[in-house]
Amino acid sequence: MSDNAAALAHFAARLAFETDVSDVAADLAAGVPGVVVVDSRSRESWDQGHIEGAVHLPTAEIAARAPGLVPREAAVVTYCWGPGCNGATRAALEFAKLGYRVKEMIGGFEYWAREGFPVESASGVTRRPVDALTAPVSGIDCAC
């Protein structure tokens, strides 16, 4: 395989199995049918804050509980803490083993919160100010 063919295959595969926080937020805001966002972190992490509307399903519980919680035809998006954690990758692998269509949300919960998207906890839904190092503070899409 040529270097160019290998690069094409690599980047096409990444886009097929990864998504970012902005794309997930846009899909949720648009009400795209069938998208199920799964938080694979611990209960303590979930309680600290999570994506509004996400399903809490720690990785170790996916095999046993996913069939009862997540429709088989769903487009599953997994997330964990952030880029320094591969928990979302492990969760995505568990969903793939069960035959689900699945993508990993790169950036994780850290970038979700840093980009100013809604965070839900027991005290309600909040938004942090946009971090200028992660997204345009104007709120306009970066158009990447």
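Visitor: Over residues 31–121, how far apart are the end C-alpha atoms?

Guide: Keep in mind that this is a predicted model. UniProt, in an unreviewed entry, places the feature "domain: Rhodanese" at residues 31–121. Over that stretch the chain is 35% helix and 25% strand, and the end C-alpha atoms sit apart by 21 Å.

Visitor: Five strands form an open sheet with parallel pairing, so in what order do they come?

Guide: Start from the edges: β1 (18–20) and β4 (55–56) each have a single partner strand, so one side of each is left without a neighbour in the sheet. At the β4 end, two bridges join that strand to β2 (residues 35–39), and the two run parallel. Read from one edge to the other, the order is β1-β6-β5-β2-β4.

Visitor: And in β4, which residue is the bridge partner of Asp 39?

Guide: Strand β2 covers residues 35–39 and is joined to β4 by two bridges. For Asp 39, the partner in β4 is His 56.

Visitor: What's the angle between helix α5 and β5?

Guide: Helix α5 spans residues 87–97 and lies across β2, β5 (75–79) and β6 (101–106). Its direction relative to β5 comes out at about 155°.

Visitor: How are α4 and α5 oriented: roughly parallel or roughly perpendicular to each other?

Guide: Helix α4 (residues 62–69) packs on α5 with the axes 10 Å apart and an angle of about 65°. As for handedness, α4 passes α5 in a right-handed crossing. Angles of 65 to 115 degrees fall in one class, and the pair is therefore roughly perpendicular.

Visitor: In the contact of α4 with α5, how many residues are nonpolar?

Guide: From α4 come Ile 62, Ala 63 and Ala 66, which meet Ala 91, Glu 94 and Phe 95 of α5. Sorting those residues gives one charged and no polar, and the nonpolar count is five.

Visitor: There's another open sheet, this one with three strands and antiparallel pairing; what's its order?

Guide: Again, look at the edges. β3 (50–51) and β8 (124–126) each have a single partner strand, so each has one side without a neighbour in the sheet. Two bridges join β3 to β7 (residues 119–121), and these strands run antiparallel. Put together, the order is β3-β7-β8.

Visitor: Which residue in β7 does His 50 stand opposite?

Guide: β3 covers 50–51, and two bridges tie β3 to β7. Across from His 50 in β7 stands Glu 120.

Conventions. Residues are numbered from 1 along each chain as its sequence is written. This is a predicted model: local features need pLDDT of at least 70, side-chain atom pairs count only at pLDDT 80 or more; totals for chains, interfaces and linings use all residues. Side-chain values use heavy atoms; hydrogens and water are left out. Two strands pair if DSSP finds at least two bridges between them. Helices (H or I, at least four residues) and strands (E, at least two) are DSSP runs, numbered from the N terminus. Contact means heavy atoms within 4.5 Å. Axes are lines fitted to C-alpha atoms, for helices over the stretch in contact, and angles run from 0 to 180 degrees between N-to-C directions. Angles under 35 degrees count as roughly parallel, over 145 as roughly antiparallel, 65 to 115 as roughly perpendicular and the rest as oblique. A crossing is left-handed if the near helix is turned anticlockwise from the far one by less than a right angle, and right-handed if clockwise. Ala, Val, Leu, Ile, Met, Phe, Trp, Tyr, Cys and Pro count as nonpolar, Asp, Glu, Lys and Arg as charged, and the others, Gly among them, as polar. UniProt positions are given in the numbering used here, feature names are shortened, and annotations may be inferred rather than shown by experiment.
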